[in-house]
Amino acid sequence: MSQDEIQYPSGFGLQDLISYGSTGLVVLDAASNTAIKKPLNQAYTHYLDIERRIYERFIERGGHVGILSYHGVFEDGIRLECAANYDLKSFDQGRQLPEQQRLRWIIQIAEALDFIHCSGVIHGDLSSVNVFLDAELNAKVADFAGSSLDQSPLLIESSAGYQCPEALLSVKGDLFAFGSLVYEIITGREPYEGRDGDEIQNVS
């Protein structure tokens with residue numbers, strides 16, 4: 001998709017773009033220090049609708065500090081807490097960090113994942129690019145656009161190193177991804193680095 005085809009939220013443009021993927025984009029609202037996530041175009045509105053419903057479920061259950069804060073809807077998208085240190089993968093590349101910090105991230109993600117599952121949600125795409133860091137380096141799980149709510153179908157699959165060989169739509173699938181994430185946090189390397197999907201399934 002070219003830049004000309006991207007539909008930005010009203011009042012925002014390329015200069016505000018933080019990131020974009022296959023289904024949505026994120027812009028910075030500097031005035032409120034929040035991030036606005038919206039579908040790339042109308043074909044992907046269902047993804048953001050699922051994510052909105054999931055965040056509303058989290059709020060109904062009291063919310064969790066280990067998940068990016070939700071600040072309501074904005075046009076056909078949603079407004080979220082802006083993570084000052086972006087995603088875990090980008091932040092951690094090449095940095096020498098104390099073991100205590102890495103263990104802290106693992107605990108924070110595990111506690112958030114337990115809350116997510118108790119809320120009837122399967123993330124389905126847990127990885128270091130979907131965990132964000134705030135100004136105090138607290139880990140925040142995010143990106144539920146492809147997730148399952150109350151056993152609805154997953155709309156996205158994890159990357160090969162995080163994908164459970166069986167039972168993707170399950171707590172087990174998320175726990176497999178969490179194990180891969182723990183490996184990456186501790187070692188600084190992607191799980192099953194250099195192996196393709198078939199090799200990973202054989203190893204697993």
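Start by selecting Asn33, which is exposed, with a relative accessible area of 52%. Keep in mind as you look around that this is a predicted model. You will find Asn33 in the loop between E2 and strand E3 (34-39). Check its backbone too: phi is positive, about 50°, although Asn33 is not a glycine.

Next, jump to another residue with a backbone angle to look at. Select Asp150, in the loop between E9 and helix H4 (171-187). Phi of Asp150 is near 55°, again a positive value in a residue other than glycine. Is Asp150 buried, exposed or partly exposed? At 49% relative accessibility it counts as partly exposed, because the exposed class begins over 50%.

Now come back towards the N terminus and pick Thr23. This residue sits in the loop between strand E1 (17-20) and strand E2 (24-29). With a relative accessibility of 17%, Thr23 counts as buried, since the limit for that class is under 20%. Which residues does Thr23 contact, once neighbours within four places in sequence are set aside? Show Lys38, Pro39, Leu40, Tyr44 and Tyr47 to see them.

The aromatic rings are the next stop. The structure holds eight aromatic pairs. For one of them, select Tyr55 and Phe144: the pair is edge-to-face, with 5.5 Å centre to centre and 90° between the planes. Colour by sequence position and you will see that this pair links distant parts of the chain, 89 residues apart. Tyr55 belongs to helix H1 (residues 45-60), while Phe144 is in the loop between strand E8 (139-141) and strand E9 (148-149). Turn on a surface and look for both rings: Tyr55 is buried at 2% relative accessibility, and Phe144 is buried at 0%.

Stay with the rings and add Phe58 and Phe115, an aromatic pair that is tilted, at 5.6 Å centre to centre and 50° between the planes. Phe58 lies in helix H1 and Phe115 in helix H3 (residues 99-118), so this pair ties together parts that are 57 residues apart in sequence. Phe58 and Phe115 are both buried. To see how these rings connect, add Tyr70 to the selection: ring pairs link Tyr55, Phe58, Tyr70, Phe115 and Phe144 into a cluster.

Finally, zoom out and switch to a cartoon of the protein chain. How many helices and strands are there? The chain has five helices and nine strands. Trace them along the sequence and the pattern reads β-β-β-α-β-β-α-α-β-β-β-β-α-α.

With the whole chain in view, draw a box along the principal axes: the C-alpha atoms fill roughly 50 × 40 × 35 Å. The radius of gyration is 17 Å, which agrees with the value near 17 Å for a compact globule of 204 residues. Colour by burial next, and 47% of the 204 residues will show as buried. If you draw a contact map, look at the contacts with a separation of 6 or more: residues 24 or more positions apart account for 59% of them.

End with the surface. The accessible surface comes to about 10,200 Å², and carbon and sulfur atoms hold 49% of it. Then display the charged side chains, with 15 positive and 30 negative charges. The mean positions of these two sets are 4 Å apart.

Conventions:
Residues are numbered from 1 along each chain as its sequence is written. This is a predicted model: local features need pLDDT of at least 70, side-chain atom pairs count only at pLDDT 80 or more; totals for chains, interfaces and linings use all residues. Side-chain values use heavy atoms; hydrogens and water are left out. Helices (H or I, at least four residues) and strands (E, at least two) are DSSP runs, numbered from the N terminus. The radius of gyration is taken over C-alpha atoms; the globule rule is 2.2 Å times the number of residues to the power 0.38. Buried means under 20% relative accessible area, exposed over 50%, partly exposed in between (1.4 Å probe, protein chains only). Contact means heavy atoms within 4.5 Å. Accessible areas come from the Shrake-Rupley method with a 1.4 Å probe; for residues, only the protein chains shown count as cover. Lys and Arg count as positive and Asp and Glu as negative; His and the chain ends are not counted. The place of a charge is taken as NZ of Lys, CZ of Arg, CG of Asp or CD of Glu. Rings of Phe, Tyr and Trp (its six-membered ring) pair if their centres lie within 6.5 Å; planes under 30 degrees apart count as stacked, over 60 as edge-to-face and the rest as tilted.
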